[in-house]
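Colleague: Hi! Could you walk me through this one while I have it on screen?
Modeller: Sure, ask away.

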Amino acid sequence: TMVFNVFVLMQIFNEINSRKIHNETNVFSGIFDNSLFLVIVIGTIIAQVALVEVSGLNAAFGCTNLSLDQWLICLILGLSELPVNVLFRAVPSSIFPGSA
């Protein structure tokens, strides 16, 4: 359940990272300007919490309830997507063969 939860949370934070391209660093700027994006992210979070915490629904997906500590670990691992993105953007593309 934790691996599944971390995977989904990493996907959510990767969606936030993917909003900006062309080496824009602040992935949160203008996040509230796109209501469709917010609906998708919030809906995904609600669905994930339900899949893990709602009895019957979680059993259908082979999940078990998580403790608060387990949720915090999952959230921290999911949040790791944000600094990893900063590190990736710090690497100049010119070091790779065939890049412009």
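Colleague: Where does Leu75 sit?
Modeller: Leu75 is in helix 4, residues 68–79. Helices are DSSP runs of H or I with at least four residues, strands are runs of E with at least two, and both are numbered from the N terminus. This is a predicted model, where local features need pLDDT of at least 70, side-chain atom pairs count only at pLDDT 80 or more, and totals for chains, interfaces and linings use all residues. Residues are numbered from 1 along each chain as its sequence is written, and side-chain values use heavy atoms, with hydrogens and water left out.

Colleague: Thanks! Is Leu75 buried or exposed?
Modeller: Leu75 counts as partly exposed because its relative accessibility is 35%. Buried means under 20% relative accessible area, exposed means over 50%, and partly exposed is in between, with a 1.4 Å probe and protein chains only.

Colleague: Which residues form a nonpolar patch with Leu75?
Modeller: Leu68, Leu72 and Leu79 join Leu75 in a nonpolar patch on the surface, and together they have about 350 Å² of accessible area.  Patch residues have over 30% relative accessible area and no salt bridge; nonpolar side chains (Val, Leu, Ile, Met, Phe, Trp, Tyr) are joined within 5 Å, like charges within 9 Å. A salt bridge is a side-chain nitrogen of Lys or Arg within 4 Å of a carboxyl oxygen of Asp or Glu. Areas come from the Shrake-Rupley method with a 1.4 Å probe, and for residues only the protein chains shown count as cover.

Colleague: Now the inside: which residues touch the most other members of the largest nonpolar core?
Modeller: Those are Ile12, Ile16, Phe37, Leu66 and Cys74, in a core of 15 residues. Such a core is a set of buried Ala, Val, Leu, Ile, Met, Phe, Trp, Tyr and Cys residues joined through side-chain atoms within 4.5 Å.

Colleague: And which element gives the most to this core?
Modeller: Helix 1 does, with six residues.

Colleague: What does Ile12 touch?
Modeller: Leaving out residues up to four places away in sequence, Ile12 touches Val41, Thr44 and Ile45. Contact means heavy atoms within 4.5 Å.

Colleague: New topic: how many disulfides are there?
Modeller: Zero, taking a disulfide as a pair of cysteine sulfur atoms within 2.5 Å. Cys63 is in no disulfide, and its nearest cysteine sulfur, that of Cys74, is 11 Å away.

Colleague: Why does Cys74 count as buried?
Modeller: Because its relative accessibility is 0%. Cys63 counts as buried too, at 8%.
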